[in-house]
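Let's take a walk through this one, starting with a term we'll need and then going from helix packing to the odd spots in the backbone. Keep the 3D view open as you read.

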Amino acid sequence: MTSFTPAFTPAELGRRIGSGLLSFPVTHFTADLSFDESAYREHIARLAGYEVGGLFAAGGTGEFFSLTPDEVERVVAAAVQTAPEGTPILAPAGYGTRTAVELAAAAERAGADGILLFPPYLTEAGQQGLAEHVEAVCRATSLGVVVYSRANAVYTADTLARLADSCPNLVGYKDGVGDIDAMTRIYTRLGERLTYIGGLPTAETFALPYLELGVTTYSSAIFNFLPELALEFYGAVRDRRHDTVVKLLRDFVLPYTAIRNRQPGYAVSIVKAGMTATGHGAGPVRPPLSDLTAGEHDELAALIGGLA
């Protein structure tokens with residue numbers, strides 16, 4: 001572990017990210033699919049102008065899976081250098097355990113405030129192996145760590161309780177599964193020890209029921225291109241204004257998810273399409289993802305235009 005001193009202690013980071021809406025900024029690419037740093041910095045500056053609990057640089061919506069380790073560090077550094085002081089920036093770590101440890105070190109070099117630990121690449125593993133994976137990353141960094149439970153890394157309540165005991169800097173649990181029974185067991189077991197984050201592809205659809213299970217925040221991809229709507233939705237959820245939540249679901253979120261569900265990977269592609277539709281183009285997605293068709297772009301633009 002380095003002597004790096006983060007801006008937030010792990011406990012402070014946990015409280016901060018649980019206090020407001022979170023988002024995963026897209027990563028901007030040029031036509032030849034190289035990182036467009038100047039456009040990305042403009043985007044970070046725009047998003048950080050709103051009150052948020054934190055931004056996850058180079059995350060899932062930021063196409064972490066398509067970035068090289070050097071690119072990840074460059075993207076994170078650009079976000080850290082651009083966002084105003086006091087806006088937490090979390091960096092990604094993932095793939096195999098040794099690579100995840102190296103990415104955690106890169107996050108510290110870049111000045112990040114925390115780490116989102118993605119599932120290990122490809123391979124399936126039991127709870128013992130997953131716990132050792134998380135413990136290795138937590139030991140390797142002074143930053144607060146959020147684990148992302150999804151795909152081949154679904155953590156049980158027992159495993160999370162073990163990790164909460166062995167890893168003081170484990171501060172958050174991001175749920176990408178949507179299993180209400182499992183979420184109930186986790187929150188009942190760990191209570192306020194962790195910050196709980198909704199992390200499904202369009203987290204707004206689960207936001208209101210999950211609030212009752214201790215999930216005080218979620219990551220909004222929609223915030224990239226409709227930040228005011230995303231914040232309105234978040235506020236309505238936190239205030240339990242059911243009529244407003246249902247209206248926004250009916251008028252935008254559910255039709256939006258209908259487009260998103262047409263192709264695997266569209267959870268990212270539709271966000272970049274939304275950026276284009278609102279005059280903030282972020283370039284294409286990198287393979288293996290594919291962009292929306294021209295007709296789908298028009299359909300999304302009409303949906304956004306109907307909000308005016």
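A residue is called buried here when its relative accessible area is under 20%, exposed when that value is over 50%, and partly exposed in between. Keep in mind too that this is a predicted model.

Put that scale to work on arginine 240. Its relative accessible area is 39%, so arginine 240 is partly exposed. You'll find arginine 240 in the loop between helix H9 (227–238) and helix H10 (242–260). What catches the eye is its backbone: arginine 240 has a positive phi of about 55° although it is not a glycine. Most residues other than glycine have a negative phi. Leucine 33 pulls the same kind of trick, with a positive phi of about 75° and no glycine to excuse it. Leucine 33 sits in the loop between strand S1 (22–23) and helix H2 (37–47), and at 26% relative accessible area leucine 33 is partly exposed as well.

While we're on backbone quirks, head over to the loop between H11 and H12, where proline 288 lies. The peptide bond joining proline 287 and proline 288 is cis, with omega at about 15°. Most peptide bonds are trans. Threonine 278 is in that loop too, between helix H11 (266–277) and helix H12 (294–305). With a relative accessible area of 24%, threonine 278 counts as partly exposed. Setting aside residues up to four places away in sequence, threonine 278 touches Phe225, Leu226 and Ile304. Its C-alpha is 9.1 Å from that of glycine 305, which is 27 residues away along the chain.

Now for the helix packing. The axes of helix H3 (residues 69–82) and helix H4 (residues 97–110) come within 9 Å and cross at roughly 30°. Since angles under 35 degrees count as roughly parallel, H3 is roughly parallel to H4. The crossing is right-handed. On the H3 side the contact uses Pro69, Val72, Glu73, Val76, Ala77 and Val80, and on the H4 side Leu103, Ala106, Arg109 and Ala110. By class, that contact of H3 with H4 comes out as eight nonpolar, no polar and two charged residues.

H4 also packs against helix H5 (residues 127–139), at an angle of about 25° and with the axes 9 Å apart. H4 and H5 are therefore roughly parallel to each other, and H4 passes H5 in a right-handed crossing. Here Thr97, Ala100, Val101 and Ala104 of H4 meet His133, Ala136 and Val137 of H5. The classes in this contact of H4 with H5 are five nonpolar, two polar and no charged.

Back in H3, have a look at valine 75. Is valine 75 buried or exposed? At 0% relative accessibility, valine 75 is buried. Beyond its neighbours within four places in sequence, valine 75 is in contact with Thr27, Phe35, Tyr40, Ala58 and Leu67.

One last stop: the cysteines. How many disulfides does the structure hold? Zero. Take cysteine 138 and cysteine 167: the sulfur of cysteine 138 is 3.9 Å from its closest cysteine sulfur, in cysteine 167, and that is too far for a bond, because a disulfide calls for sulfur atoms within 2.5 Å. Cysteine 138 is buried, at 4% relative accessible area, and cysteine 167 is buried too, at 2%.

Technical notes: Residues numbered from 1 in each chain as written. Predicted model: local features only at pLDDT ≥ 70, side-chain atom pairs only at ≥ 80, totals over all residues. Heavy atoms only, no water. Axes fitted to C-alpha atoms, helices over the stretch in contact; angles between N-to-C directions. Helix = DSSP H or I, 4+ residues; strand = E, 2+ residues; numbered from the N terminus. Parallel < 35°, antiparallel > 145°, perpendicular 65-115°, else oblique. Left-handed = near helix turned anticlockwise from the far one by under 90°. Contact = heavy atoms within 4.5 Å. Nonpolar A, V, L, I, M, F, W, Y, C, P; charged D, E, K, R; others polar. Buried < 20%, exposed > 50% of the residue type's maximum accessible area, 1.4 Å probe, protein only.
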